[in-house]
Amino acid sequence: MDLSFALQQLVYGLTVGCLYGLLAIGYSMVYGVLRLINFAHGDLLMVSAYIGFFGIVIFNLPWPVSFAGAIALTALLGILIDRGAYKPIRKSPRINALITAIGVSFLLENLALVTIGGRPKSFPTPQFVSGSIVIGDVSIPTLSVWVFVVTLVLLAICMAVVKRTRIGMAMRALSRDMETVMLMGVDKDRVISFTFALGSALAAAGGIMWSMKYPAVEPFMGVVPGLKAFVAAVLGGIGSISGAAMGGMILGLAEVFIVAVQPEWSGYRDAVAFFLMIVILLTRPTGIMGERLPD
Amino acid sequence: MALYRDRILTVFSLFILFSFLTYADSNFGHYTLRILQNIAIFITLAVSYNLINGVAGQFSLGPNAFLAVGAYTSAIFTLSPEEKLRSFIIEPMLWPLSVISVPFAASLLIAGIVTALVAILMAMPVFRVRGDYLAIVSLGFGEVFQVLANNSMSITNGSLGLKGLYPYTNLWWSWGICVFTVFCTVRLVNSSYGRAMKAVREDETAAEAMGINAFRIKTFAFAFSAFFQGVAGGLLAHLITTISPSLFTFMFTFNLLIIIVIGGLGSTTGSIIAAILITWGGEALRFFEEPANLFGFQYDGVPGMRMVLFSVILILVMLFARSGIMGRSEFTWEGFLGWIKNKLSAMKV
Amino acid sequence: MDLLLDINGLSVFFGGVQALTKFSIQISRGDIIGLIGPNGAGKTTAFNATTGRIRPSEGSVFFCGQKITGWSPPRIARSGIARTFQNIKLYEDLSVIENVMIAAHSSVSYSFIEAILGVGRYSRDETRIKSRAYELLELMNLGEVASEQASSLPYGSQRKLEIARALALDPKLLLLDEPVAGMNPTETREFGEFLLTLRDNLPIGVGLIDHDMSFVMEVCDMIRVLDHGIPIAWGTPSAIRNNPEVISAYLGTDFNGTTVKHAKN
């Protein structure tokens, strides 16, 4: 494998990795705070893609408005899901919340199927992300550049919010010890809603960029990325934001490079994530960046 | 004394089931018989799924994958060498699989064993860490299975699938296995093994302090449940006679999850009742998704409608009726007779 | 004298914090040994390290002459160390009798196939486990509530049930973590007497943690005092009562002989 080929694959891998990472952060944050695998998280990617699609194609809204709207509405949906489905069973065993989350995921997917139909819609890719920049033998798609920049900016914002703001600090405290936070007089539900909003917004941003990269919007498009993003979150050590982003990158790179090195393995690409997960569980049960969680 | 009475009542009710099936076999149409067989297979699946999710409290999302492993294993072992030669057109089948052909019963047993072994392999990494990972790994395994089945042409025939299976599965096979599964599961749950599973579900730390090896008992429950899911897969394969990787989607798991939740997580009785209700109800609701002519209006049918309904039911049950139909209680003749006595005396008044 | 538990220089670190420093204790058959100290002194940590819940960073635990450091909790339990928990860990949704029967799981000799077919050692084992469980419930005065759900019992009975369950393991050593927390003075006195009878009738040793000083002084033969993870005293109840170092560790709490109200309740 020569250098320019490797660099080219690096570009591809990082692009997918960024998208996995954006989705993984939401999983990681919600798990950190509630110890809940939010199965419906991947479907938010689909919801955001549809909202973006309808904004542009049906309502003829300009790109920025449509995208901002998709992100805002998806964030709102994230909050609503928590308030409607998860909050009433906060106190019951975790298995119940998990089942509810699966119900919500299926509801979102099949509502989309019933109301919009199963035929994939082609996402209109805006002009400014088409084309590519060529450096030597390596061609970097403009979309990839956008993906890198947007992901880095969002990640930076997210880290700043979590590290520097009051609510972010409450969030981190909540992921350590629920009782203490309640004693400190922080409104737990507000913090949880905020966590859902932030995670869903990142998933929404990821969803829009995902549909530019793979421009077929359909009801079940969020399932596989959602699963992989969860694996990414585990890889990075669930509960850690930077870990989730890093897990996403590692997963994206692993998928791309395995196929690049062994083209005949391309059929196994979708299985890479789970093999990685099993290896991680066997060797480093808390992920790459994670601390040991208290039980 | 009570034990003796209960045994007689059980044998008697099995006799009634047997008579009903004999009657059904010669009087019911093909479609109804098919539904009856589906019910038996779903009871088998639900009861074994409930063992790991409800009794042992380990949240697996893998039954669709186990069903697939069982279906493929059993199909590979019953297909005749000639049929295999005919089907595997892209790549010939791997020797010795290509020449093996065993009786149906043996193939079901092999299917169960292979599936249980797969479950043990999965359990090794998963049960070493916190339980939540089981959900994702078992769900992921469904995806991995599809990938593997699509790519191992010389074993599974890839996306072409396996065709021309002999329809061995009939009313007797499906209900026979169903009764056998229920029997084994109930006996197991009532033994010390079942109690150990419940202990792990309730409080793993306390269970370990009482000398119960949680990892071992979880793995055992998982393998036990996978065994019967594999057997059910074999039954299903020889009922529909054509299988392909895309057949065993997460939808199966979702349906089973609804069944055990509605029946009451942890209750075998509940799983049986709900399996009947949901399988039969699902058939009844099929009209939602099929085109129909209602009073002169053309109704196109909306695919996905049943799933919307099912997911709403699942969420509502979790939010408002968490214990489902049975909670964690089980059917006993004692309770049943008492209930009837109550009803009778209420009628007299 | 029959040495059961022999702990030597046991230390436990939690992410840089030393929760237990060079802890040593010996418990022999027939002993009732108390482990006391202010909150956060590392008493439960010592229990957890003994029963395999926590891996000690240094030191060793010998049980009946065998080194058990690093063994898994179930293996240690099966070797004969039973324990109860500070915050009662019953199987709440199961019946009282089932709670006790579960602890006998390790003594079950039948395979799952025998269980399914109802043959072989199945009936014999089940009958044995069940009658033993009833015996233990009777012993703890819980015979009448055997078929009730464990979570429906009052607090004091839940503590007793936990002890019945621990005894079902047929332990050589019983570790009790705050057994009388939440009991009223009468119950506490009764429990103390029960514990002494138990020691006289069964070939076991007992280690116990409690904040109820009069109870500890009443039942224990010897007492080990911990403060901030460091062992500060070892002696008979009367010696401990008058040890100035112990008194200063407990400064601010009502130590001498009277019941210290447990902060968690």
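Chain B has 15 helices and two strands. Its radius of gyration is 21 Å, close to the 20 Å that the globule rule gives for 349 residues, so chain B is as compact as a globular protein of that length. Keep in mind that this is a predicted model.

Staying with chain B, here are its dimensions. The C-alpha trace spans about 70 × 65 × 40 Å along the principal axes. How much of chain B is buried? Of its 349 residues, 56% count as buried. Now the contacts. Take those in chain B between residues at least 6 apart in sequence. Of these, 79% join residues at least 24 apart.

Next, the surface of chain B. About 14,900 Å² is exposed. Carbon and sulfur atoms supply 70% of that. As for charge, chain B carries 21 positive and 17 negative charges. The mean positions of the two sets lie 9 Å apart.

On to chain A. This chain has 11 helices and four strands. Why call its radius of gyration what one expects of a compact globule? Because a compact globule of 295 residues would have a value near 19 Å, and chain A has 19 Å. Its C-alpha trace spans about 60 × 50 × 35 Å along the principal axes.

Inside chain A, 54% of the 295 residues are buried. For contacts in chain A with a separation of 6 or more, residues 24 or more positions apart account for 75%.

The surface of chain A comes to about 12,300 Å² exposed. Carbon and sulfur atoms supply 68% of this area. Chain A has 20 positive and 15 negative charges, and their mean positions are 8 Å apart.

Last topic: where chain B meets chain C. How many residues are in contact across this pair? On the chain B side there are 28, and they touch 34 residues of chain C. The size of an interface is often given as the accessible area lost when the parts come together. For chain B and chain C, the buried area is about 2,600 Å². Carbon and sulfur atoms give 63% of it.

Which three residues of chain B supply more of the area that chain B buries against chain C than any other three? They are Arg187(B), Arg195(B) and Met210(B). Together, these three supply 27% of what chain B buries there. If you have the structure open, find those three on chain B.

Terms used
Residues are numbered from 1 along each chain as its sequence is written. Chains are lettered from A and ligands numbered from 1 in the order in which they are written. This is a predicted model: local features need pLDDT of at least 70, side-chain atom pairs count only at pLDDT 80 or more; totals for chains, interfaces and linings use all residues. Side-chain values use heavy atoms; hydrogens and water are left out. The radius of gyration is taken over C-alpha atoms; the globule rule is 2.2 Å times the number of residues to the power 0.38. Buried means under 20% relative accessible area, exposed over 50%, partly exposed in between (1.4 Å probe, protein chains only). Contact means heavy atoms within 4.5 Å. Accessible areas come from the Shrake-Rupley method with a 1.4 Å probe; for residues, only the protein chains shown count as cover. Lys and Arg count as positive and Asp and Glu as negative; His and the chain ends are not counted. The place of a charge is taken as NZ of Lys, CZ of Arg, CG of Asp or CD of Glu. Buried area is the accessible area (1.4 Å probe) that two parts lose on being put together, summed over both.
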